[in-house]
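Open the model in your viewer and set the display to cartoon. The tour goes from one selection to the next, with side chains switched on where contacts are listed.

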Amino acid sequence: MVESRKTSETDIRLDLNVRGTGVYQFDTEIPFFEHMLSHISKHGLIDMDLKLRGDIGIDCHHSVEDTAILMGQMIHTQLGDKKGIFRYGHFTLPMDEVLTTVAVDLGGRFYFKYTGPPLDGKFGIYDAELTLEFLQKFALNAKMNLHVVVHYGENRHHIHESIFKGLGKALRQAIAIDTLAKDQIPSTKGMLE
């Protein structure tokens with residue numbers, strides 16, 4: 001599925017498949033962002049081919065935010081009525097001295113909560129706080145609950161990497177088809193938004 005988003009601040013083309021094999025290709029001019037997105041793809045088995053041009057001469061905010069919006073919308077669309085999916089996923093990921101838990105609910109309602117050390121500083125041209133912007137806008141547009149807890153950690157790179165790897169793993173669980181309930185909507189309401 002290929003979608004585009006073009007504003008006065010960004011021009012994005014994204015080919016995304018939630019039932020993929022974890023292959024990815026990025027052309028964003030933001031190396032650290034590409035590195036983080038590769039973890040969602042690889043660990044979530046979500047195929048991504050992203051071409052992004054944005055006003056990075058100002059900063060990377062609009063580029064990261066608009067990519068999150070488009071990714072969230074596409075995942076929500078591709079899951080359709082969500083028949084047969086597990087809906088919930090969670091993963092606790094150790095990465096050297098860091099321990100991070102990511103939990104998701106693809107139930108159709110937005111909520112985002114981050115608990116952990118402040119995400120500040122820079123990775124090249126990527127401002128570290130953009131990770132929170134990405135997660136919030138992604139959850140909002142995917143219509144999901146997303147909870148991220150960094151229990152402890154010291155290395156800033158490891159902290160960010162553990163969040164994106166954990167998100168990929170949690171999404172993989174939630175998106176997977178439950179073979180015992182493949183014809184059922186995972187809700188007592190009989191529908192998910």
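This is a predicted model. Start by selecting helix H3, residues 130-142, which lies across S7 and S10. The direction of H3 runs at about 155 degrees to S7.

Next, select helix H4, residues 156-175. H4 packs on the sheet and touches S5, S6, S7 and S10. Relative to S5, the direction of H4 makes an angle of about 150 degrees.

**The sheet**

Now show the strands themselves. The sheet is open and has four strands, in the order S5-S6-S10-S7, with mixed pairing. Colour strand S5 (88-95) and strand S7 (111-115) to mark the edges, where each strand pairs on one side only. From one strand to the next, the twist averages 10 degrees.

Within the sheet, select S6 (residues 98-105) together with S10 (residues 145-152). In which sense do S6 and S10 pair? The pairing is antiparallel and extends over seven bridges. For a reference point, pick Val102 and find Val148 of S10 opposite.

**H1 against H4**

Keep H4 selected and add H1, residues 31-44. Two packed helices are described by the angle between their axes and the distance between the axes. For H1 and H4, the axes come within 7 Å and cross at roughly 30 degrees. Angles under 35 degrees count as roughly parallel, so H1 and H4 are roughly parallel to each other. The crossing of H1 past H4 is right-handed.

Turn on side chains here. The H1 side of the contact consists of Phe32, His35, Met36, His39, Ile40, His43 and Gly44. On H4, select His157, His160, Glu161, Phe164, Lys165, Leu167, Gly168, Lys169, Leu171 and Arg172. Colouring by class gives six nonpolar, seven polar and four charged residues in the contact of H1 with H4.

**H1 against H2**

Hide H4, keep H1 and bring in helix H2, residues 61-79. The axes of H1 and H2 come within 12 Å and cross at roughly 20 degrees, which means that H1 is roughly parallel to H2. The crossing of H1 and H2 is right-handed.

Which residues of H1 and H2 make the contact? Phe33, Leu37 and Ile40 do so from H1, and Ser63, Val64, Thr67 and Met71 from H2. By class, this contact has five nonpolar and two polar residues, with no charged residues.

As a last selection, pick Ile40 in H1: this residue takes part in the contact with H2 and also in the contact with H4.

Methods:
Residues numbered from 1 in each chain as written. Predicted model: local features only at pLDDT ≥ 70, side-chain atom pairs only at ≥ 80, totals over all residues. Heavy atoms only, no water. Axes fitted to C-alpha atoms, helices over the stretch in contact; angles between N-to-C directions. Helix = DSSP H or I, 4+ residues; strand = E, 2+ residues; numbered from the N terminus. Parallel < 35°, antiparallel > 145°, perpendicular 65-115°, else oblique. Left-handed = near helix turned anticlockwise from the far one by under 90°. Contact = heavy atoms within 4.5 Å. Nonpolar A, V, L, I, M, F, W, Y, C, P; charged D, E, K, R; others polar. Pairing = 2+ DSSP bridges.
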